[in-house]
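Here is a short walk through one protein model, written for reading beside the structure. Please keep the viewer open as you go.

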Amino acid sequence: MCKAVGYDGLSAEHVINAHPLLSVLLSLLFRMIVQQGIVPTAFGKEIVIPLVKNIDGNRTDSSNYRGITLSPVISKLFELVLMDQVQDKLTSSNLQFGFKKKSSCSHAILALQVGIEHICNSGGTATICALDISKAFDRVNFYGLFKNLIDKSFPKCFIRVLLDWFTKSVSYVRWNGFLSLPYSISAGVGQGGGFVVPALFAMYMDVLIALLKNSGFGWSLHGFYIGCLCYADDIILISQSIYAMQCMLNICEVFAGMLDVKFNSSKSVAMRVGSRFECKLLTYFCAVMLLVMFRV
């Protein structure tokens, strides 16, 4: 049974069972794309399928849906070729645990646990803040993404390909078997849309990690900075003081303004672990944090 059929009606089964000549034709096509920096218009046609987040929640509320993108199968094959050619460039910070081989959420949890235990065993109190980015994949700023790729010396020929690809991106919403009219995509990378998207998003988050690391605020162990732990768009900040945490939140506010990011205050929390966890200043800190979240 064919699954995940894109706008062109093709699925992975069509490619797997196709004539061997298809591999030759695709090789010629992919080579022309890289040489000319232009992708076929069909590569940009995606289908978005809304999935309910909470089945017991309000199904008439748009925030209760998560969109999963279906891309053309041929474009996914090209992404595999693209990733193979630039794999050494698709790297992200060691503090980003998502979208990597031999890395998982358990590794991020272990790093957080070690950090808290070290601070508490030293007689301190760990201040922790968990931040969630609202519609993270949908709000990726194209200009910020391409600037990040240029700063990382990403091959120019592939940047041209991605630029042309993104400018041709249009989406259709599939609902109860029917497709909506197309609408242009001016920002964002479709979640589930392809293989290169997760790697690009991880590189996109490097901007925030670098800002926090260079600021000097946040917890460090033997000179290794662990003040910001990321798993995809989920962020945990760790510091040994409320003042340092407030400074880190201010940096997150700057990051949000730079790249048009919005933090979800309803899913962002703050807490303290240690002997002074009941300090009255925590109430003030939480209030300021929520104000920052609402402002962005």
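Just after helix α5, S153 takes a positive phi of about 60°. Helices here are DSSP runs of H or I with at least four residues, strands are runs of E with at least two, and both are numbered from the N terminus. This is a predicted model, in which local features need pLDDT of at least 70 and side-chain atom pairs count only at pLDDT 80 or more, while totals for chains, interfaces and linings use all residues. Residues are numbered from 1 along each chain as its sequence is written, and side-chain values use heavy atoms, with hydrogens and water left out.

Helix α5 itself spans residues 142-151, and its buried residues are F142, G144, L145, F146, N148 and L149. Buried means under 20% relative accessible area, exposed means over 50%, and partly exposed lies in between (1.4 Å probe, protein chains only). The cover over these α5 residues includes α6 (156-167), α7, α8 (206-215) and α9.

Stepping back, the protein has 10 helices and 11 strands. Of its 296 residues, 43% are buried. Contacts (heavy atoms within 4.5 Å) reach well along the chain: among those between residues at least 6 apart in sequence, 71% join residues at least 24 apart.

Now to two residues around strand β11. S268 sits in the loop between α9 (242-259) and β11 (269-274), and S268 counts as buried because its relative accessible area is 5%. R272 lies within strand β11 and is also buried, at 7% relative accessibility. The table gives their partners; the side-chain pair of R272 and T127 is a polar contact, that is, a pair of N or O atoms within 3.5 Å, where within protein one must be able to donate a hydrogen and the other to accept it, and residues adjacent in sequence count only if both atoms are side-chain atoms.

| Side chain | Partner | Distance |
|---|---|---|
| S268 | D132 backbone nitrogen | 3.4 Å |
| S268 | N264 backbone oxygen | 2.7 Å |
| R272 | T127 side chain | 3.2 Å |

What about open and enclosed space? On a 1 Å grid over the protein atoms alone, a cavity is a set of points where a 1.4 Å probe fits but cannot get out, and a pocket is an open set with protein on both sides within 12 Å along at least five of seven lines; lining residues have an atom within 4 Å of a point. Grid points are joined across faces, edges and corners, and a volume is the space filled by probe spheres set on the points.

The second largest pocket has a volume of about 310 Å³. It is lined by 14 residues, of which M83, Q87, L90, F99 and A199 are the closest to its centre. Two elements, α3 (73-85) and α7 (196-204), give two or more residues to this lining, and α7 gives the most, with 4 residues.

The structure also holds 1 cavity of 30 Å³ or more. The largest cavity has a volume of about 50 Å³, and its lining residues include I133, R139, F201, Y204 and D260.

Finally, a look at the cysteines: how many disulfides does a search of the whole structure find? The search finds 0 disulfides, a disulfide being a pair of cysteine sulfur atoms within 2.5 Å. C120 is partly exposed, at 28% relative accessibility, and C157 is partly exposed too, with a relative accessible area of 23%.
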